[in-house]
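Got the viewer open? Follow along, selecting as we go.

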Amino acid sequence: MNGGEFMVRVRRKEVVAAALPVQEHWLPLSNLDLLLPAVDVSVFFCYKIDIPHGTDVNDEEEYFRGFGSMVRALKRGMAEALVSYYAFGGEVVSNSVGEAELLCNNRGVDFMEAQADVWLDDLNFYNPDLSIEGKLVPKKKNGVLSVQSDRAQMSWAEIAQSKLLSVIPSFRRSLLNPRRPSFYHPSLDDMYVPISSLPPPNPPHPGADHLIGRLYYVNSEQLTLLQTLASGSSGGIRRTTKLESLSAFPWKMVAKSVDIMENADKKTCKMGIVVDGRGRLSSGDDDKTALMATYFRNVLSIPFGEKLIGELTNQPLSWVADEVHEYPKGAVTKEHILGLID
């Protein structure tokens, strides 16, 4: 078994709506929301089922009794959480100009109970596209959020444990309004282009580039070694950070995997790093920091570096790490985030 060949049987499907009525309204996306590609992000949690002490772990009846108890807590917690996080219970729709908006109508969240005939130890976590996506994490067909509860549990932590919410989310789009007059640095033209300026997409063909997901486990000894190797060319002046080291290594490895292709030396390979702009917009202001901490939208930028494949494969890891150090610099400023909004 390669960790992806297993069956998942959906035992029950239902829709969980907010525990209290929600006034139907439209929630427009911010400019930063509209800049990011429309992709679904999957999150996969594993929790141990609480079985009474002394129970036979192979007692399936007791096992499912514990599973059912957790599922009931999950659904109760979700219904209560959707009162504050009402956007998750809505639908993504298009407005009059074709932009995505959220219709907050308390449609609810698709909730599925399922059973997988595989142990967690046998899952192929390296390739989540094969083992998790579409199996332990369902494909979203409607609404904003879709949940599947398997023997590995997902918990709405605080509410499911009958605790008060520690953070009340804010959906105030005005926090990210454009400036008047608007201004952005010309360098942003290297990150984004109008969709209307692109040629019509070609139909996909075998071997075409596609998005894949991989998970890696790096222990502390390996990370220390990477950091040492990546700090080689700085001459002791600057020690490469863990993030720079861990970003430089896959950039170099991906370039090596492409290097066997024809004319690979003329191609480029890009590396992007997600930057959280909340702290940049706060600028040390305590009130603004508190507001941005609860703002429930995207406040992100994804600056990227681009190098020839030949450079990435032939240069040492320390050279690649220096490039990683340089290219996000312009994206960690308040002016960069404000420019993206404008």
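**Stop one: a tryptophan and its neighbours**

Select Trp251 and show what it touches: Cys269, Lys270, Met271, Gly305, Glu306, Lys307, Leu312, Val320, Glu323, Val324 and Tyr327, leaving aside residues up to four places away in sequence. Touching here means heavy atoms within 4.5 Å. Before going on: this is a predicted model, where local features need pLDDT of at least 70 and side-chain atom pairs count only at pLDDT 80 or more, while totals for chains, interfaces and linings use all residues. Numbering runs from 1 along each chain as its sequence is written, and side-chain values use heavy atoms, with hydrogens and water left out.

**Stop two: the cores**

Now add Ala248, Leu312, Val324 and Tyr327; along with Trp251, they touch the most other members of the largest nonpolar core, which has 15 residues. (A nonpolar core is a set of buried Ala, Val, Leu, Ile, Met, Phe, Trp, Tyr and Cys residues joined through side-chain atoms within 4.5 Å; buried is under 20% relative accessible area, exposed over 50%, partly exposed in between, with a 1.4 Å probe and protein chains only.) The largest share of this core, four residues, comes from α10. For a second, separate core of twelve residues, pick members including Leu188, Tyr295, Leu340 and Ile341.

**Stop three: helix α10**

Colour residues 317–326, helix α10. (Helices are DSSP runs of H or I, at least four residues, numbered from the N terminus.) Which of its residues are buried? Leu317, Ser318, Val320, Ala321 and Val324. Their cover includes α5 (220–230), α6 (242–258) and α9 (309–314).

**Last stop: Val41**

Finally, select Val41, in the loop between α1 (31–35) and α2 (60–84). Val41 is exposed, at 71% relative accessible area.

Conventions:
Helices (H or I, at least four residues) and strands (E, at least two) are DSSP runs, numbered from the N terminus.
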